[in-house]
Amino acid sequence: MTGQRWEGLLARFGQLTVAVVGDSCLDVWLDGPARGLAREGVVPVVKVEQEAYAPGGGANAARGVAALGGRVRFVSVVGDDEEGRQARRLLLAQGVPDDLVVTAQDRRTVAKRRLTCRGQLVARFDSGDTDRLSEEAEERVVEAVRRAVDGADAVLAADYACGLFTPRVREELARAAREQGALLVVDAHDVRDWAGLHPDVVTPDAEEIELVLDLDGKTAFTRDRLGFLEAASAQLRGLSGAGAVVATLDRDGALVLPRDGAPWHVPTEPVAAAVGAGAGDAFAAALVLSLAAGAQLPDAAQVGCAASGVVVRRPGTPVCRAVDLRAALQHAAPLHLGRERLAALVEDARALGKRIVFTNGCFDVLHAGHVAYLDAARKLGDLLIVGVNGDESVRRLKGPDRPVNGVEDRVAVLAGLSAVDSVVVFDGDSPTDLLQVIRPDVYAKGGDYTEDMLREAPLVRELGGEVRIVDYVEDRSTSELLRRVRRTSPPSAEQA
């Protein structure tokens, strides 16, 4: 399994312009060894040996977009002070233009200073103004928003509740995104502030979800966060006004809650508790670029989880670079391909002269017969795309007690096979629509079929492809396997 299947998506990042509008701060990290306890109180004395500075908050999200190869326009406000000037210098050094960053004479730049002892957080002390912008600064920010969104492919609002997002700034940003036809993703401390503006996607974390759903003191959420959010998905979408919610849940990965369709869990590899900041910014930057590049929400959330996984393992306020993301996705497979993303993948493969093979099935209980035929199909070309029947489609084809495994599980298992390059879900009984998008060089099916049995065969030939029947492993059938399991299962208490 390689990361090549992600290359087409990641390559598009460099073609995209993202307007990032967000609260800025200066992150300061002071670290060193402990030198005993202070005489003034029971606190450690830390001999500071290292100092690190980074743009934080929305500025860090802008850094994240630039680090992943996207073109970024950043709108924010800083004070006319050394912290503001230092934040701007750091932005410029990391490829983020500061021409749309407003300097407010009456405002102090927010600074977050963290003291760590050999990586262990000892204290954090904040300074700066977080009250609402003055009317003069607000007017300048509104004008900067208009310039930033003009011609942008996507908009990311990083609302840290530090005073930048007045009602007027929010409204202007949403209006400009709608007029431009740009995707609007909101990463906000309180998504309820955006409810009337109907963003496309919001990305609250666990703490923000507790705030929005008023979960203080309730244990159901902490016991089963995924199950709780699946049940509360409609409420969360309603309170945020968003088309979709992507909840980021640290060790539990991300949970995609779309407007239509079932929730989709994107797992992540847990890491030890970290002091570093910016994982949420990295997630948001990778998510918005992926969506703007044509990825479906589950794919985009997986890319976001990969980016945040890179950042959370590092101290300070780091970013995930494109090379880091490629390495993190090295063994990952797309969870779901939509028509637009599928067409782009096929186009990229053809441009490289690759021979495309397509096959399809329910793949309800994956067995040796499936594996053998998928291996054989893959050898017929350079890229194997597998179409998987959705759950309703399986029920129509196989009966009301099927599928045994839901589509999310079936896709995950298939995507883990080395022979499979991409997986796409379809809801019809026949993959006709997929064939028209893919136009495969080879349409492969297992040896339990003949070409005359395949109603798709004439369409494949019409599209310039050939139909191949690959070797079939005898005595390997999901239906037969389930019959054997049911025959050997002990009787239930009622039957006994």
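Here's a quick tour of some aromatic pairs, surface patches and one buried alanine in this structure. Keep in mind that the model is predicted. The count of aromatic pairs comes to four, and two of them get a closer look below. After that come a negative patch formed by Glu-207, Glu-210, Asp-214 and Asp-216, and a nonpolar one formed by Tyr-449, Met-453 and Ile-469.

**Aromatic pairs**

- One of the four aromatic pairs brings together Phe-165 and Trp-194, whose ring centres are 5.4 Å apart.
- The planes of those two rings sit at 65°, and planes over 60 degrees apart count as edge-to-face, so that's the label for Phe-165 and Trp-194.
- Phe-165 sits in the loop between strand S10 (154-159) and helix H5 (167-180), while Trp-194 is in the loop between strand S11 (183-188) and strand S12 (201-202), so the pair ties together parts that are 29 residues apart in sequence.
- Phe-165 and Trp-194 are both buried.
- Then there's Phe-358 with Tyr-443, a stacked pair with 5.9 Å from centre to centre and 15° between the planes.
- This pair links distant parts of the chain, with Phe-358 in strand S16 (residues 356-361) and Tyr-443 in strand S19 (residues 442-445), 85 residues apart.
- Phe-358 is buried, and Tyr-443 is too.

**The negative patch**

- Four residues make up this surface patch, namely Glu-207, Glu-210, Asp-214 and Asp-216.
- If you want a starting point, look for Glu-207 in helix H6, which covers residues 206-212.
- Is Glu-207 buried or exposed? Its relative accessible area is 63%, and exposed means over 50%, so Glu-207 counts as exposed.

**The nonpolar patch**

- Tyr-449, Met-453 and Ile-469 together have about 260 Å² of accessible area in their surface patch.
- Ile-469 belongs to strand S20, made of residues 466-469.
- Ile-469 has 35% relative accessibility; that falls between the 20% and 50% cut-offs, so Ile-469 is partly exposed.

**A buried alanine**

- Where is Ala-301? You'll find Ala-301 in helix H11, residues 297-312.
- Ala-301 is buried because its relative accessible area is 0%, and buried means under 20%.
- Measuring from C-alpha to C-alpha, Ala-301 and Ala-148 are 25 Å apart in space, with their positions 153 residues apart in sequence.

Conventions:
Residues numbered from 1 in each chain as written. Predicted model: local features only at pLDDT ≥ 70, side-chain atom pairs only at ≥ 80, totals over all residues. Heavy atoms only, no water. Patch = residues over 30% accessible without salt bridge, like charges linked within 9 Å, V, L, I, M, F, W, Y side chains within 5 Å. Areas by Shrake-Rupley, 256 points an atom, 1.4 Å probe, with all protein chains shown as cover. Salt bridge = Lys/Arg side-chain N within 4 Å of Asp/Glu carboxyl O. Lys, Arg positive; Asp, Glu negative; His and termini not counted. Charge placed at Lys NZ, Arg CZ, Asp CG, Glu CD. Helix = DSSP H or I, 4+ residues; strand = E, 2+ residues; numbered from the N terminus. Buried < 20%, exposed > 50% of the residue type's maximum accessible area, 1.4 Å probe, protein only. Phe/Tyr/Trp six-rings, centres within 6.5 Å; stacked < 30°, edge-to-face > 60°.
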